[in-house]
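User: I am new to this structure and would like a close look at a single part, its pockets and what lines them. Please take me through it slowly.

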Amino acid sequence: MTHPELRQLRYFVTVAEELSFTRAAERLRIAQQSLSQQITALERRLGVRLLDRDSRGTRLTAVGGTFVSEARAVLERTDQALAVLQRARRGEVGDLRLAFLTTVANHLLPPIVRALREQLTDVRVTTESTAIGTLVAGVTSGRYDAAFTRPPLADGLASRTLTSEPVCAVLPEGHVLADRTELDLRDLAEERWILTPPSSWEPWHRAYNDHFHEAGFIPDVVHTDANPQNLLGLVAAGVGVTRLARSSRSLRRTGVVFVPITGAYAPTDVIWRPGNDNPALVRLLEIVTNLAATCDLTRSG
């Protein structure tokens, strides 16, 4: 006995349901002779007689009656598998592994995950909030399908800007410049600065240095900390000033004042590795692009 072809199983089930080769051939839209030949080939392949055919008509044998329900189940499962395959090809099922830069997770993660849950109900979404170095390495290695972060990044990654927001000087409450509606970076030339360490992500710090150079000064950095919440706490304590995107206001509500810096903006990008063949990634990019066009993703939650 050898395994039958799915086509032969489908032909057999149709004949079993119609109990007529004529009607079954019409339903299958094939010649009756071809149908008869395929049923004979199936019986020969299985080594059993499935149907009795005589002048009185077509009847299932005892073995055929037992086999038809199993054959129907195989065909139904095959149809289900093909349907899942098509949904997977369209990115409607599967897995999405996402990373969020720590400083954008607070305001980006809720609306993005909410939209994915609404529009990709059968895709399993996992998320991690992480530092920039781990995030870039994870996308590059394939650990993450996509990530949400701030540029500049590294070569070899694809990106799409979703939103942009003002960069602000973060001052302690009561600071002489705290009541200003906008500041030029050079207004802060004499301040003590609290920044992230250059080792946290060198491309960012090269950009920062260019900004300070254009403003005509080298900042007096008195303290470094990679955690933005700690930066805010140190500013509130009066240790110095820092610069953060406006959305970071959601990380601390008291003790600090955010004042936009003239001409300074912080984009937020979605990044992915070119060549990632996860179909759900394509749907993710469509969804987050539409989301960015219809709502303010810099607002918390």
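Analyst: What follows describes the two pockets and then a group of aromatic rings.

This is a predicted model, in which local features need pLDDT of at least 70 and side-chain atom pairs count only at pLDDT 80 or more, while totals for chains, interfaces and linings use all residues. Residues are numbered from 1 along each chain as its sequence is written, and side-chain values use heavy atoms, with hydrogens and water left out.

A pocket here is an open set of points on a 1 Å grid over the protein atoms alone, where a 1.4 Å probe fits, with protein on both sides within 12 Å along at least five of seven lines, and its lining residues have an atom within 4 Å of a point. Grid points are joined across faces, edges and corners, and a volume is the space filled by probe spheres set on the points.

The largest pocket holds about 630 Å³ of space. It is lined by 28 residues, of which Thr-103, Arg-150, Trp-204, Tyr-208 and Leu-244 are the closest to its centre. At least two lining residues come from each of helix H5 (102-119), helix H7 (202-215), helix H8 (228-236), strand S9 (242-245) and strand S10 (256-272), where helices (H or I, at least four residues) and strands (E, at least two) are DSSP runs numbered from the N terminus. Sorted by class, this lining has 18 nonpolar, eight polar and two charged residues; Ala, Val, Leu, Ile, Met, Phe, Trp, Tyr, Cys and Pro count as nonpolar, Asp, Glu, Lys and Arg as charged, and the others, Gly among them, as polar.

The second largest pocket holds about 210 Å³, and among its 13 lining residues Leu-185, His-211, Ile-261, Thr-262 and Ala-264 are the closest to its centre. H7 and S10 each supply at least two residues of this lining, and S10 gives the largest share, five residues. Its classes are six nonpolar, three polar and four charged residues.

Turning to the rings, the structure holds four aromatic pairs, meaning rings of Phe, Tyr and Trp (its six-membered ring) with centres within 6.5 Å, counted as stacked under 30 degrees between planes, edge-to-face over 60 and tilted for the rest. The centres of Phe-212 and Phe-217 are 5.3 Å apart with planes at 65°, so this pair is edge-to-face. Phe-212 is buried at 2% relative accessibility and Phe-217 is buried at 10%, where buried means under 20% relative accessible area, exposed over 50% and partly exposed in between (1.4 Å probe, protein chains only). Together with Trp-193, Phe-212 and Phe-217 form one aromatic cluster.
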